[in-house]
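Hi,

Here's the structure I said I'd pass along. Have a look at it first, then read my notes underneath.

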Amino acid sequence: MSGKNAIFISYRRSDSAGIVGRIYDRLCMKFGQQMVFKDVDDIPPGVDFVEYFESQIQDCKVLLAIIGDGWLNASNADGGRRLNDEGDHVRREIEIALSLEAKQGLVLLPVTVGSAS
């Protein structure tokens, strides 16, 4: 995925994988699969996951933050809230997008699904 028209989909599999699959399919039909990035499906084998997704966010024009019912309070194995963990991938995706909003004009678009508000 490259180019300034690219769309990055950020989400937690545990609470929105199904709806994200449908969103992804519709975006691909509208803009083409090469213009939409969705986690492991679009990461080449053998590359560093974190470096790759960070580079994809830096190259995108829009980041869709899909917020499902359990997004905010998702917990890690220790019972702590994942958003409080600096190593949480979703947190990192949002942080990068926020830092690029002003610098590059990236659009961070939160999308609530299910009963999330």
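Below is what turned up, starting with the salt bridges and ending with the pocket.

One thing up front: this is a predicted model.

The count comes to five salt bridges. Helix α3 is a good place to start looking. R91 and E95 pair up there, with their closest N and O atoms 2.9 Å apart. Both sit in helix α3, four residues apart, or about one turn of the helix. E95 also meets R92 in a salt bridge, at 3.6 Å from N to O. Those two are three residues apart in helix α3, so about one helical turn separates them. At 31% relative accessibility E95 is partly exposed, and R92, at 30%, is partly exposed too. Salt bridges with shared partners tie E54, R91, R92 and E95 into one network.

E54 comes in from helix α2, residues 49–58. Its side chain makes a polar contact with the side chain of R92 at 3.1 Å. Leaving aside residues up to four places away in sequence, E54 touches R92 and I96.

Another salt bridge joins D88 to R82, with the closest N and O atoms 3.4 Å apart. D88 counts as buried because its relative accessibility is 4%, while R82, at 29%, is partly exposed.

Now the pocket. The largest one has a volume of about 260 Å³ and is lined by 17 residues, with Y11, R13, D39, H89 and V90 nearest its centre. Elements giving two or more residues to that lining are β1 (7–10), α1 (13–31), α2 and α3 (89–104). The lining divides into nine nonpolar, three polar and five charged residues.

Cheers

How values were computed
Residues numbered from 1 in each chain as written. Predicted model: local features only at pLDDT ≥ 70, side-chain atom pairs only at ≥ 80, totals over all residues. Heavy atoms only, no water. Polar contact = N/O pair within 3.5 Å; in protein donor to acceptor, adjacent residues only side chain to side chain. Contact = heavy atoms within 4.5 Å. 1 Å grid on protein atoms, 1.4 Å probe; cavity = no way out; pocket = protein on both sides within 12 Å on 5 of 7 lines; lining within 4 Å. Points joined across faces, edges and corners; volume = space filled by probe spheres on them. Nonpolar A, V, L, I, M, F, W, Y, C, P; charged D, E, K, R; others polar. Salt bridge = Lys/Arg side-chain N within 4 Å of Asp/Glu carboxyl O. Buried < 20%, exposed > 50% of the residue type's maximum accessible area, 1.4 Å probe, protein only.
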